[in-house]
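Please open the model in your viewer and keep a selection panel at hand. The stops below can be followed in order, each one giving something to select and then what is to be found there.

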Amino acid sequence: MPVGPRPPDVTVAGFEGPLDLLLELVEEKKLDIFTVRLGDLADGYLARVRAMVALPADEVSAFLYIASRLVLVKARGLLPSLTPPSEDDEIDTEEGLRLRLIEYATTKGRAEMLGDRMRAGERAFHREGGTVELPPKGGNPDALAAAWLKVLALTRRAEEEIEVPGERYSVEQRTAEIEALIAEQPAVTFATLLGDRPTLGYAIVTFIALLDLYRRLVIDITQDELFGDIRVERKVGRMEELPQ
Amino acid sequence: MTRSVIAAAVEAVLFVAEKPVSRSELTKTIGAGGKAVADALAELEEWYQGTGLRLQHEGDDWQIVTAPEQAPFVATYLGADRLRLSSAALETLAVVAYRQPVTRAEVESIRGVNCDQTIYTLMSRRLIEELGRRDAPGSPFEYGTTWEFLECFGLTSLGALPTVLSPEGVRSEGAVSR
């Protein structure tokens with residue numbers, strides 16, 4: 001936008017280019033694009049261009065180019081016999097310039113139509129990321145069934161372990177059992193007492209029972225090394241105190 | 001009316017396709033003749049009238065898309081941004097759309113201004129693309145519209161571009177010789 005005061009009826013920023021400005025002049029004066037004498041627009045066009053000094057030089061040059069064509073057309077209109085029209089550039093003749101202007105007007109109409117469609121937002125969408133992720137080839141239903149059976153077996157085993165309820169083994173009951181066992185054989189390992197795959201509850205109850213027996217001086221507990229097996233031995237000399 | 005067997009097959013393939021499928025690919029995939037597939041596509045096109053879907057094609061590439069009338073709902077669902085273009089970019093797009101294949105110099109000649117920036121903008125938004133080089137001095141690039149252009153403007157094909165009349169109501173195609 002130009003800085004400072006500017007002529008009230010000139011909107012420099014409102015144009016898309018020199019042809020747009022020319023078209024604007026035609027429409028402003030309600031002239032017929034097919035019959036207007038384009039040379040007559042030269043003065044009005046130059047007045048607009050003069051108000052555009054704030055534009056970059058390369059942009060102004062495009063406007064000046066069209067202005068020069070308009071002046072040329074106007075001059076030819078005034079002196080038709082003295083200036084044979086150049087055949088090199090179609091824009092040098094009035095009809096050539098007119099065709100350019102009509103083509104631009106059509107383009108502008110099409111651009112407006114596209115703009116309307118764009119603003120209406122009536123667009124289409126396609127499926128995004130619709131590719132199906134296929135599993136690797138060679139899938140074997142039997143292998144799947146076998147895998148499922150394995151999972152089932154694991155579940156069943158876990159259920160069995162859970163089915164051994166810790167409550168079935170009270171400390172008192174376990175103490176009595178170990179006491180009876182120790183009465184028959186002088187020594188037993190902790191691992192033997194736990195048996196295969198003990199539940200956590202069974203192990204705890206067994207361990208507490210041992211601690212109780214140790215406290216009551218029924219047994220001796222020895223462990224040769226860290227994390228080694230714990231030996232449970234009958235305490236000699238206290239056997240007479242054991243109940244039958 | 002029920003769909004023919006081939007139309008149903010074409011519809012199924014296009015439904016899962018992520019990108020446009022050429023007619024020859026459809027022919028090969030379905031194992032039907034080219035004419036039968038063409039008929040099936042026409043049948044589907046008619047079938048989709050008044051539904052939420054459309055059959056869009058550029059040249060011989062086909063794709064199922066949503067109907068432009070349903071765009072607000074689809075856009076909301078997808079969280080899609082609305083396309084915004086300046087009037088300068090729209091003018092350049094209009095020239096490319098109606099005159100393709102077209103070179104930069106031709107676009108600039110019609111618009112009367114430098115179009116570097118607008119062509120770059122339209123390229124980066126995938127609305128136009130370089131089609132190749134013209135066999136002419138300087139071998140300039142030729143530009144054309146893309147599949148995305150059709151989609152963004154809700155056009156089922158380039159043939160669906162509206163005929164825009166010149167301000168005076170005269171179809172200007174005849175007025176401009178090229």
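Begin by selecting Arg23(B), Leu26(B), Thr27(B) and Ile30(B), the residues with which helix α2(B) meets Gly34(B), Val37(B) and Ala38(B) of helix α3(B). Sorted by class, this contact of α2(B) with α3(B) consists of four nonpolar residues, two polar ones and one charged one. As you look, keep in mind that this is a predicted model. If you now widen the selection to the whole of both helices, residues 23–30 for α2 and residues 34–47 for α3 of chain B, you will find that their axes come within 9 Å and cross at roughly 110 degrees. Because angles of 65 to 115 degrees count as roughly perpendicular, α2(B) is roughly perpendicular to α3(B).

Next, colour chain B by secondary structure, which amounts to eight helices and six strands, and trace the chain along its sequence to follow the pattern α-β-α-α-β-β-α-α-β-α-α-β-β-α. Of the 178 residues in chain B, 32% are buried. For contacts in chain B between residues at least 6 apart in sequence, 50% join residues that are at least 24 apart.

Now display both chains together and select the contact between them, to which chain B contributes 41 residues and chain A contributes 35 residues. On the side of chain B that touches chain A, the elements giving two or more residues are the strands β2 (53–58) and β3 (61–66) and the helices α4 (71–78), α5, α6 and α8 (147–152) of chain B. Which of these elements gives the most to that side? It is α5(B), with eight residues. The side of chain B that touches chain A divides by class into 25 nonpolar, eight polar and eight charged residues.

From that list, pick out helix α6 of chain B, residues 104–111, whose buried residues are Val107(B), Ile110(B) and Arg111(B). These residues lie on the same side of α6(B), because they cover an arc of only 90 degrees around the axis. To see what the buried residues of α6(B) pack against, add α1 (18–28) and α4 (94–120) of chain A, and then α5 (87–99) and β4 (102–103) of chain B. Just after α6(B) you will come to Gly112(B), which takes a positive phi of about 75 degrees.

Go back along chain B to the loop between α5 and β4, where Pro101(B) lies, and display the backbone there. The peptide bond that leads from Gln100(B) to Pro101(B) is cis, and its omega is near -5 degrees.

Move on to the segment after α8 of chain B and select Phe153(B). Is Phe153(B) buried or exposed? Phe153(B) counts as buried, because it has 24 C-beta neighbours inside 10 Å and the cut-off for a buried residue is 20 or more. Apart from neighbours within four places in sequence, Phe153(B) is in contact with Leu114(A), Arg117(A), Met118(A) and Arg123(A). A distance label drawn between the C-alpha atoms of Phe153(B) and Pro68(B) will read 8.3 Å, although the two residues are 85 apart along the chain.

The next selection is Arg126(B), in the loop between α7 (116–124) and β5 (128–133) of chain B. Arg126(B) is not a glycine, yet it has a positive phi of about 60 degrees. With 13 C-beta neighbours inside 10 Å, Arg126(B) counts as partly exposed.

Cross to chain A for the remaining stops, and select Leu217(A) in the loop between α8 and β2 (219–223) of that chain. Leu217(A) also is not a glycine, and it has a positive phi of about 60 degrees. Having 11 other C-beta atoms within 10 Å, Leu217(A) is exposed.

Finally, select helix α6 (residues 171–184) and helix α8 (residues 200–215) of chain A, which pack at an angle of about 65 degrees with their axes 8 Å apart. That angle makes α6(A) roughly perpendicular to α8(A), and the crossing of the two helices is right-handed. To show the contact, display Val171(A), Arg174(A), Thr175(A), Ile178(A) and Glu179(A) on α6(A), and on α8(A) display Val205(A), Thr206(A), Ile208(A), Ala209(A), Leu210(A), Asp212(A) and Leu213(A). By class, the contact of α6(A) with α8(A) comprises seven nonpolar, two polar and three charged residues.

How values were computed:
Residues are numbered from 1 along each chain as its sequence is written. Chains are lettered from A and ligands numbered from 1 in the order in which they are written. This is a predicted model: local features need pLDDT of at least 70, side-chain atom pairs count only at pLDDT 80 or more; totals for chains, interfaces and linings use all residues. Axes are lines fitted to C-alpha atoms, for helices over the stretch in contact, and angles run from 0 to 180 degrees between N-to-C directions. Helices (H or I, at least four residues) and strands (E, at least two) are DSSP runs, numbered from the N terminus. Angles under 35 degrees count as roughly parallel, over 145 as roughly antiparallel, 65 to 115 as roughly perpendicular and the rest as oblique. A crossing is left-handed if the near helix is turned anticlockwise from the far one by less than a right angle, and right-handed if clockwise. Two residues are in contact if their C-beta atoms, placed from the backbone, lie within 7 Å. Ala, Val, Leu, Ile, Met, Phe, Trp, Tyr, Cys and Pro count as nonpolar, Asp, Glu, Lys and Arg as charged, and the others, Gly among them, as polar. A residue is buried if 20 or more other C-beta atoms lie within 10 Å of its own, exposed if 12 or fewer, and partly exposed in between; C-beta atoms are placed from the backbone. The arc is that of the directions from the helix axis to the C-beta atoms.
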